[in-house]
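Student: I have a new structure open and do not know how to read it. Can we go through it together, feature by feature?

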Amino acid sequence: MTEQTVHVLLVEDNSLHLRLIQKLLAGETQLNYQVEAVGTLTDALACLENRPIDLILLDLILPDSQELETLFKVRSAAPEVPVVVLTSLDDVSLAARAVEAGASDFLLKTRLSGITLGRAIRYTLARVRAHGAEWDSPMLRLAQQQFLKAAQIMGLDDNIRQRLLFPQRTQVVSFPFFRDDRSQVETVFGYRVQHVLTMGPTKGGIRYHEDVDLGEVAALATWMTWKCALMGLPFGGAKGGVRVDPTTLSKKELQRLTRRYTAEIIDIIGPDKDIPAPDMGTNEEVMAWLMDTYSQQMGYAVPAVVTGKPVVLGGSLGRREATGRGLVYMIEAAASHIGIDLQGASAVVQGFGNVGSYAARFLEEAGARIIAVSDVSTGLYNPNGLSVSALNQHVAENHVLQGFPEAETISNAELLELECDVLALAALQNQVTVNNAGRINCRLLAEGANGPTTLEADEILNERGVLILPDVLGNAGGVTVSYFEWVQGMQNLTWTHDEVNERLKSILLNAFERTLQRATRDSQDLRTAALIEGVARVTEAKLLRGVFP
Ligand code: NAD
């Protein structure tokens, strides 16, 4: 279940209906509700003035207000808050007029169930966000600010600057999938964004998370462009996502969702067009379903349509651990640059999924003491060091870190501020901000996640002498081995584990050295230098190809 709490104002004067709705909301498992119940318009308006409300469930016939007037008064008191109208069978035409007048949805009180009520609320909240904030996402703002900063410093041609600020191609889909009991069909939003089509096919992961929106996917696609260019890979950046909480779905539901999402975006993906890969909330199994769905449509097996798939289906050896391994190659290089010996150094890792768990393992192998780790369920702290294999074993049995015995529990916020040599961020975006950057207590902050540090936080950390290993370098191991997987797929080759790791190390360290040289020469931080390297390569390619027609 999600930890998000939704504040609902329930305006209903019929005590029977009131109790029924309260009971149904209490039994809903996908969101936590905090319900404020009132029976008159006057009380509703007072409540809207005093409390933050996310959604209003509104009976239009109240003792002190009738019909559409009730809606108009509520909407003028709180224009931003979505309203779901509660109606009885005999006033459905009133409900229709209410929707026309700005209500988000209506529910028939006589046919209410936990499923219909919960779904109306979740969908309403998702739709409001979709209308208001598809492009207006903090992540896209961050990606664009970083790009504009680099563009200014490198004196980028304004024609190119405008061209690269927004993605070249976006596809937004809304599509259905059956829940397991077959009586429910969920409708979710999906996205595929291709930022730059100049460099070759586009490449980028697919994210399943309840917060995914167009802006977030566009930001991730933009970073992929810089990352691929910085590594010298023949791809433009792309990203995909579905706005869904995958932890609430069974495996069969996840498979149906994946197959339908693939069918929806099938025209714009392909080995020569756009090649998806795993990201947060997706894994090898999801990639296998994607490859199978695509191949079914083509009529023959097309392994190269996707990377990060199981080895037996044409996946590459070393892809599963590539992002974590690459992060640690980069940490080794950055640590030696600032004089940290990883042997005996202390390390903290936020996120214990694909990237975090492998990063922790390779840091431990390099001699570091992992003093804290966290995931969505908890943070764990042990100053004497945690055993990564014991943590992996615990997660294999329990799915999450919670309940691991040999550690003190701490919050994710506390974990970020622990004193350590290396802080590796491998969970979500927007973790180190202006609010906590002053208390971050590490020497090297290594970004495995995309966009975990805001631009304001960058400045504070730079001033405080913390070296930031930026995401476009830190997590580039994933796309680099994805590139190897694509090359092997296109040519029906298989490389050994050692071949993969050697080539990976050489590409990553070369990019690190080029970035470091530029940063030193131009007195820039590593993020700006890395972005300039990437942007310069894309710019050169764009100028050579010219503008069509
Ligand atoms: P994942 O789904 O395998 O793991 C995510 C981890 O973060 C889980 O342990 C989850 O519990 C944890 N988490 C979620 N919310 C959290 C919270 N609020 N606080 C603390 N932990 C939380 O995802 P992943 O593939 O490891 O991706 C992690 C990050 O790395 C993402 O930003 C992703 O874009 C980036 N990345 C991944 C790859 C890849 O190859 N998988 C490549 C490049 C970048």
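Tutor: Start with the ligand. It is surrounded by 21 residues, where a residue is near a molecule if one of its heavy atoms lies within 4 Å of it. The closest are Arg-207, Asp-279, Thr-323, Asn-354 and Val-355. Keep in mind that this is a predicted model: local features need pLDDT of at least 70, side-chain atom pairs count only at pLDDT 80 or more, and totals for chains, interfaces and linings use all residues. Residues are numbered from 1 along each chain as its sequence is written, and side-chain values use heavy atoms, with hydrogens and water left out.

Student: Which classes of residue make up the shell around the ligand?

Tutor: Sort them first. Ala, Val, Leu, Ile, Met, Phe, Trp, Tyr, Cys and Pro count as nonpolar; Asp, Glu, Lys and Arg count as charged; the others, Gly among them, count as polar. Here the shell has eight nonpolar, nine polar and four charged residues.

Student: Which polar atoms of the protein lie by an oxygen or nitrogen atom of the ligand?

Tutor: Look for polar contacts, pairs of N or O atoms within 3.5 Å. Within protein, one atom must be able to donate a hydrogen and the other to accept it, and residues adjacent in sequence count only if both atoms are side-chain atoms. A ligand oxygen is 2.9 Å from an N or O atom in the side chain of Asn-450. A ligand nitrogen is 3.3 Å from an N or O atom in the side chain of Asn-412. At Gly-353 the partner is a polar backbone atom, 3.1 Å from an oxygen atom of the ligand. The protein buries 84% of the 820 Å² that the ligand exposes when taken alone; such areas come from the Shrake-Rupley method with a 1.4 Å probe, and for residues only the protein chains shown count as cover.

Student: Which domains does the shell draw on?

Tutor: Domain bounds come from an automatic or database domain assignment. The protein is divided into domain 1 (5-164), domain 2 (167-313) and domain 3 (322-478 + 510-530). Domain 2 and domain 3 each give at least three residues to the shell. Their C-alpha centres lie 27 Å apart. Contact means heavy atoms within 4.5 Å; 12 residues of domain 2 are in contact with 15 residues of domain 3.

Student: Is Ser-65 buried or exposed?

Tutor: Buried means under 20% relative accessible area, exposed over 50%, partly exposed in between (1.4 Å probe, protein chains only). Ser-65 counts as buried because its relative accessibility is 4%. It lies in the loop between β3 (55-59) and α3 (67-77). Helices (H or I, at least four residues) and strands (E, at least two) are DSSP runs, numbered from the N terminus. The side chains of Ser-65 and Thr-70 form a polar contact of 3.0 Å.

Student: Where is Gly-118?

Tutor: Gly-118 is in helix α5 (residues 114-133). It counts as buried because its relative accessibility is 0%. Leaving out residues up to four places away in sequence, Gly-118 touches Glu-28 and Tyr-33.

Student: Which backbone angles should I check?

Tutor: Check omega and phi. A cis peptide bond, with omega about -5 degrees, joins Phe-548 and Pro-549. Glu-67 in helix α3 has a positive phi near 50 degrees, though it is not glycine. Ser-523, also not a glycine, has a positive phi of about 50 degrees. Ser-523 sits in the loop between α18 (497-522) and α19, and counts as exposed because its relative accessibility is 65%.
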